[in-house]
Amino acid sequence: MIPNKATYRTTPQKKALLSLLRSTKAHPTAAWLFDRLRLEMPDVSQGTVYRNLSVLAEEGVIRVLRNGSAQDRFDADVSEHYHVICESCGKVEDISVNVRTDANSEAERASGYEIHSHRLDFYGVCPDCQRRAAVGDDAE
Ligand code: ZN
Ligand code: MN
């Protein structure tokens, strides 16, 4: 148990933010969550949303998908799974490929580290963007 966990409070804003994130499979950014939450709670501030997101992540209730230079995205599904990212429209989706449970021990053998986790992201062009590109080609 991390001692300061006990100091985390559950506020109506935090609760609403979590249920909002749980209601979507879109792996939204903080800005998207703020815009949506504002419709329910006009008085909520951007700072509150950002702060609650880091608290929820620290509590292990949500997952942060750090995306290089792009904005972080958030996921209420904390089970082990991978993502596929569209290089054209930027959407992030769950991908149902088997989690490589052997990868951590392989990395331990290779590095001498005690490995806790790994990440694996897939990049490509989503079916919608493939279709849009095909339509665009026809129009030319
Ligand atoms: Zn796309
Ligand atoms: Mn996910």
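Visitor: How many salt bridges does the count come to?
Guide: This is a predicted model, so local features need pLDDT of at least 70 and side-chain atom pairs count only at pLDDT 80 or more, while totals for chains, interfaces and linings use all residues. Side-chain values use heavy atoms, without hydrogens or water, residues are numbered from 1 along each chain as its sequence is written, and chains are lettered from A and ligands numbered from 1 in the order written. A salt bridge here is a side-chain nitrogen of Lys or Arg within 4 Å of a carboxyl oxygen of Asp or Glu. By that rule, the count is nine.

Visitor: Okay, which residue forms a salt bridge with Asp72?
Guide: Asp72 is partly exposed, at 28% relative accessible area (buried is under 20%, exposed over 50%, partly exposed in between, with a 1.4 Å probe and protein chains only). The closest N and O atoms of the pair are 2.9 Å apart, and the partner of Asp72 is Arg66.

Visitor: And how far apart, N to O, are Glu106 and Arg100?
Guide: Glu106 is partly exposed at 41%, and Arg100 is partly exposed too, at 38%. Their side chains meet in a salt bridge, with an N to O distance of 3.1 Å.

Visitor: What about Arg119, is that one buried or exposed?
Guide: Arg119 pairs up with Asp121 in a salt bridge at 2.6 Å, N to O. Asp121 counts as partly exposed at 22%. Arg119, with a relative accessible area of 52%, is exposed.

Visitor: Which residues are linked with Lys91 in a network of salt bridges?
Guide: The protein is divided into domain 1 (1-78) and domain 2 (79-140), with bounds from an automatic or database domain assignment. Lys91 sits in the 79-140 stretch, and its network partners are Asp128 and Arg131.

Visitor: What area is buried between domain 1 and domain 2?
Guide: The domain centres, taken over C-alpha atoms, are 23 Å apart. The contact (heavy atoms within 4.5 Å) takes 11 residues from domain 1 and 11 residues from domain 2. Buried area is the accessible area (1.4 Å probe) that two parts lose on being put together, summed over both. Carbon and sulfur atoms give 33% of it, and the total is about 830 Å².

Visitor: How many salt bridges are there between domain 1 and domain 2?
Guide: Lys25 forms a salt bridge with Asp94, their closest N and O atoms being 2.9 Å apart. Lys25 falls in domain 1 (1-78) and Asp94 in domain 2 (79-140). The count between the two domains is one.
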